[in-house]
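Thanks, everyone. I'll walk through one chain, starting with its aromatic rings and then turning to the charged pairs. Please have the structure open.

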Amino acid sequence: MVLFGKLPGHIQNLNDNWVTIAEHSVHQASVNSVSWAPHEYGAILLCTSSDGKASVVEFLEDGTTSTISFQAHAIGVNSGSWAPPAAPSSALGQTNGAKDQEARRLCTGGCDNLVKIWRFDPAAKTYVEEAKLSGHSDWVRDVAWSPSLLTKSYIASASQDRTVLIWTKDEKSNTWKQHPLIEGKFPDVCWRASWSLSGNVLAISGGDNRVTLWKEDLTGNWKSAGEVDQ
């Protein structure tokens, strides 16, 4: 994985080119996704790879990097997504660094047909598995955690099995439940899932060359909200 950036204005060349500012070479197979963490965490990048590992790279103020790599799935990891940050104690004028770090969560989707939830453990200095979600019958191609702090946590998983599952967590029961986006299957492989910034509209792309939009109604069912025209 190579990170590109622009040179500071006073040393940019006349072509205004982008240059390599960092390179991350911890993985032993293809890097399948990269995702910046919420800005509250700083300059932190999540990478997932076909070698079965996920890595989290933090770009420090002194120009160095700190990397955490962990085995995420038995076989390849296709996608990763950050959870929205809970309100940190620092926002309330308090300091509780370990607890703020422990609140960091992410999810991954793999070739073992699973979605996994990970939580950062400050004591172990790595990400530990918090939940394993099974519901797909083929590779999970993409996972997307809704970026907004709603009444429930929402994760969408898109799969090779032509289904999209919506995973919701009730904070009271602390359990994840699955709900199919549609009854039956999509016409082709579901490749990507992406939430609107408000977190209430979901976009799905598939092998049928279409991008469809979906929204939850008051009964908890998901309804079509249109289609993106070419």
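**Aromatic rings**

Phe120 is buried, and Tyr127 is buried as well. Keep in mind that this is a predicted model. So how are the rings of Phe120 and Tyr127 arranged, and what is the angle of their planes? In general, two numbers describe a pair of aromatic rings: the distance of the centres and the angle of the planes. A search of the whole structure finds 11 aromatic pairs. For Phe120 and Tyr127, the centres are 5.1 Å apart and the planes stand at 55 degrees, so this pair is tilted. The cut-off for edge-to-face is over 60 degrees, and stacked needs under 30.

Now widen the view. Phe120 and Tyr127 belong to a cluster linked by ring pairs, together with Tyr41, Phe70, Trp82 and Trp118. Tyr41 has a charged partner too. The charged end of Arg104 sits over the Tyr41 ring, 5.0 Å from the ring centre.

**Trp118**

Stay with the cluster and pick out Trp118. Strand β9 is where Trp118 is found. Is Trp118 buried or exposed? Its relative accessible area is 4%, so Trp118 is buried. The threshold for buried is under 20%.

What does Trp118 touch, leaving aside its neighbours within four places in sequence? The contacts include Phe70, Gln71 and Ala72. Arg104, Arg105, Leu106 and Thr108 are also among them. Then come Tyr127, Val128, Glu129 and Glu130. Two of those names, Phe70 and Tyr127, also appear in the ring cluster. One backbone distance to note: the C-alpha atoms of Trp118 and Cys107 are separated by 5.9 Å, with their positions 11 residues apart along the chain.

**Salt bridges**

Arg105 and Glu130 both contact Trp118. They also meet each other. Their side chains form a salt bridge, 2.8 Å from N to O. Where do the partners sit? Glu130 is in strand β10, residues 126-134, and Arg105 is in strand β8, residues 105-110. That links distant parts of the chain, 25 residues apart.

How covered are the two ends? Glu130 has 33% relative accessibility, so it counts as partly exposed. Arg105 has 23%, so Arg105 is partly exposed too.

Glu130 has a further partner, Arg119, with the closest N and O atoms 3.4 Å apart. Why does this pair tie together separate parts of the sequence? Because Glu130 lies in strand β10 and Arg119 in strand β9, residues 114-121, at positions 11 residues apart. Put together, Arg105, Arg119 and Glu130 are linked in a salt-bridge network.

Next, a pair elsewhere in the chain. Glu227 and Arg210 meet through their side chains in a salt bridge, 2.9 Å from N to O. Glu227 is in strand β18, residues 222-227. Arg210 is in the loop between β16 (201-206) and β17 (211-216). The two are 17 residues apart, and again distant parts of the chain are linked. Glu227 is at 39% relative accessibility, so it counts as partly exposed. Arg210, with a relative accessible area of 34%, is partly exposed. In total, the count comes to 5 salt bridges.

**Loops with positive phi**

Two loop residues deserve a look on the backbone. Asn113 is not a glycine, yet its phi is positive, about 70 degrees. Asn113 is placed in the loop between β8 and β9. Arg162 is the other one to look at: phi is near 70 degrees, again positive in a residue other than glycine. Arg162 lies in the loop between β12 (153-159) and β13 (164-170). With 34% relative accessibility, Arg162 counts as partly exposed.

**The record and the whole chain**

An unreviewed UniProt entry places the feature "repeat: WD" at residues 133-167. What is the strand content over residues 133-167? The chain there is 54% strand and 0% helix, and the end C-alpha atoms are 9 Å apart.

Last, the totals. The chain has 18 strands and 1 helix. There are 230 residues, of which 41% count as buried. Of the contacts with a separation of 6 or more, 42% come from residues 24 or more positions apart. The chain exposes about 12,400 Å², and carbon and sulfur atoms supply 51% of that.

Methods. Residues numbered from 1 in each chain as written. Predicted model: local features only at pLDDT ≥ 70, side-chain atom pairs only at ≥ 80, totals over all residues. Heavy atoms only, no water. Salt bridge = Lys/Arg side-chain N within 4 Å of Asp/Glu carboxyl O. Helix = DSSP H or I, 4+ residues; strand = E, 2+ residues; numbered from the N terminus. Buried < 20%, exposed > 50% of the residue type's maximum accessible area, 1.4 Å probe, protein only. UniProt positions renumbered as here; feature names shortened; annotations may be inferred. Contact = heavy atoms within 4.5 Å. Areas by Shrake-Rupley, 256 points an atom, 1.4 Å probe, with all protein chains shown as cover. Phe/Tyr/Trp six-rings, centres within 6.5 Å; stacked < 30°, edge-to-face > 60°. Lys NZ or Arg CZ within 6 Å of the ring centre and 35° of its normal.
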